Amino acid sequence: MAGILCCCFVVLAVVLFGVHAEHNHGDGDELTLNHDFARSTTPLLFPEEVHEWAHLVGDDRSNAVRNLFLSADNGLDAVGEPVGGAGDGQLTVGEIARRLSQVDAERMHLDAQAHLAELDKNTDGLLELSEVAGKDAMLAKRFAAADFNRDTYLSGDEVVAFFHPLAEVRMAPAAAAEMFLHLDTSRDGRLQRREIPVVPSTESSWLDRIGDAEVDGDGDVSGKELAHWLKSHAANRAVAHATDLLNEADTDKDGVIEVDELVVSQIAFVGQGFAESDAHDEL
């Protein structure tokens, strides 16, 4: 069971803050944590495409980038609603966000299914409380939050929500509760600045943004404020990521990405390994 369960906001301590955190169960199994905020190095590639793209060079690479551009230039927004502009040779924030959302959904689905296969002791294709939580009260609460239809087991999107709670709007209250359990060292129900470990600026800008959750002016973040902020983050994460990518690639600052800009900024969209293959080919 080691290395499977992603205990939502201990995640922050593990990945952003470099603090080792775990749950220890009576059977000695260690439940280590994944990090939902970590961004993929190949954000526009579906999992099955990554290996193939890592070996593309020369004209094959250029053609692949252009084909990717054409597939994303579909006139859809982040949630798949048509907004016009399909095939106009320009990628908008909405079109990029739509591709990001689809790729993220596929990655999380595959990840959740892999965890389910390892934890599903009775091989019924369902995740039961006894298979994941043991005596861990917080994991039990997260399980209950992910059980959207209240049938006492998790299936489909519920399994994904359990392992990736930061990506699901309905999991925001449970995610906030987990964060407070591990970071609210004063146990006063408020997250103070001194309770958030400092990380190098190169690691992530997320730490700076957590202050946005504070809205009542007292300088601390309450559970309610954090849950509201996390809900907003889950709903808008693809658009926020797409905006970052567009700002990086939009060299002429016209608010959209043309195919040549995508080619120039391809590392941000399809990963470092892709460019390394080309560099190796040139040698």
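# A guided tour, from a ring and its charge outward

Begin by selecting Arg-170 and Phe-148 in this predicted model: the charged end of Arg-170 sits over the ring of Phe-148, 3.6 Å from its centre. Keep the side chains displayed, for a second arrangement of this kind comes up shortly.

**The whole chain**

Zoom out and colour the protein chain by secondary structure, which comes to 13 helices and six strands. Of the 283 residues in the chain, 44% are buried. If you draw the contacts between residues with a separation of 6 or more, 59% of them are made by residues 24 or more positions apart.

**The phenylalanine cluster**

Now select Phe-143, Phe-162 and Phe-163, which ring pairs link into a cluster. The number of aromatic pairs comes to two. In one of them, the rings of Phe-143 and Phe-162 have their centres 6.2 Å apart and their planes at 70°, and because an angle over 60 degrees counts as edge-to-face, the pair is given that name. This pair links distant parts of the chain, since Phe-143 belongs to helix α6 (residues 137-146) and Phe-162 to helix α7 (residues 157-163), 19 residues apart. Then turn to Phe-162 and Phe-163, whose rings also form an edge-to-face pair, with 5.1 Å from centre to centre and 85° between the planes. Phe-143 and Phe-162 are buried, and Phe-163 is buried as well.

Add Arg-142 to the selection and look at the ring of Phe-162 once more: the charged end of Arg-142 sits over that ring, 4.9 Å from its centre. From Arg-142, step across to Pro-173, which is 31 residues away in sequence while the C-alpha atoms of the two are 9.3 Å apart in space. Pro-173 lies in helix α8 (residues 172-183), and with a relative accessibility of 52% it counts as exposed.

**Helix α3 and its two faces**

Select residues 58-72, which make up helix α3, and place a distance between its end C-alpha atoms. At 1.5 Å a residue, the 15 residues of α3 should span 21 Å, and the end C-alpha atoms are 22 Å apart, which agrees. Next, colour Arg-61, Ala-64, Val-65, Leu-68, Phe-69 and Ala-72, the residues of α3 that are buried. They cover an arc of only 135° around the axis, and they therefore lie on the same side of α3. Which exposed residues does the face turned away from the buried side carry? Rotate the helix and you will find Asp-59, Asn-67 and Leu-70 there.

**The nonpolar cores**

With α3 still displayed, move to the largest nonpolar core, which has 24 residues, and select Trp-53, Ile-96, Ile-257 and Phe-269, the members that touch the most other members. The elements giving two or more residues to this core are α3, α4 (93-119), α10 (223-249) and α12 (266-270).

Centre the view on Ile-257 and leave aside its neighbours within four places in sequence: Ile-257 is then in contact with Phe-69, Gly-89, Gln-90, Leu-91, Ile-96, Leu-245, Leu-246, Ala-249, Leu-262 and Phe-269. Apart from this core lies another, of 17 residues, among them Ala-146, Leu-154, Val-159 and Phe-163; Phe-163 was also part of the ring cluster visited earlier.

**Ala-234 in helix α10**

Select Ala-234, whose place is in helix α10. Is this residue buried or exposed? Ala-234 has a relative accessible area of 9%, so it falls under the 20% limit and is buried. Not counting residues up to four places away in sequence, Ala-234 touches Leu-166, Ala-167, Glu-168 and Val-169. Of these, Val-169 is 65 residues from Ala-234 in sequence, yet the two are 5.3 Å apart in space, C-alpha to C-alpha.

**Two loop residues to check by backbone angle**

Finish with the backbone angles. Arg-150, although it is not a glycine, has a positive phi of about 55°; Arg-150 lies in the loop between α6 and β4 (153-154) and is exposed, with a relative accessible area of 58%. Then select Lys-253, another residue other than glycine whose phi is positive, near 55°. Lys-253 is found in the loop between α10 and α11 (259-264), and at 60% relative accessibility it counts as exposed.

Technical notes:
Residues are numbered from 1 along each chain as its sequence is written. This is a predicted model: local features need pLDDT of at least 70, side-chain atom pairs count only at pLDDT 80 or more; totals for chains, interfaces and linings use all residues. Side-chain values use heavy atoms; hydrogens and water are left out. Helices (H or I, at least four residues) and strands (E, at least two) are DSSP runs, numbered from the N terminus. The expected span of a helix is 1.5 Å times one less than its number of residues. Buried means under 20% relative accessible area, exposed over 50%, partly exposed in between (1.4 Å probe, protein chains only). The arc is that of the directions from the helix axis to the C-beta atoms. A nonpolar core is a set of buried Ala, Val, Leu, Ile, Met, Phe, Trp, Tyr and Cys residues joined through side-chain atoms within 4.5 Å. Contact means heavy atoms within 4.5 Å. Rings of Phe, Tyr and Trp (its six-membered ring) pair if their centres lie within 6.5 Å; planes under 30 degrees apart count as stacked, over 60 as edge-to-face and the rest as tilted. A charge sits over a ring if NZ of Lys or CZ of Arg is within 6 Å of the ring centre and within 35 degrees of the ring normal.
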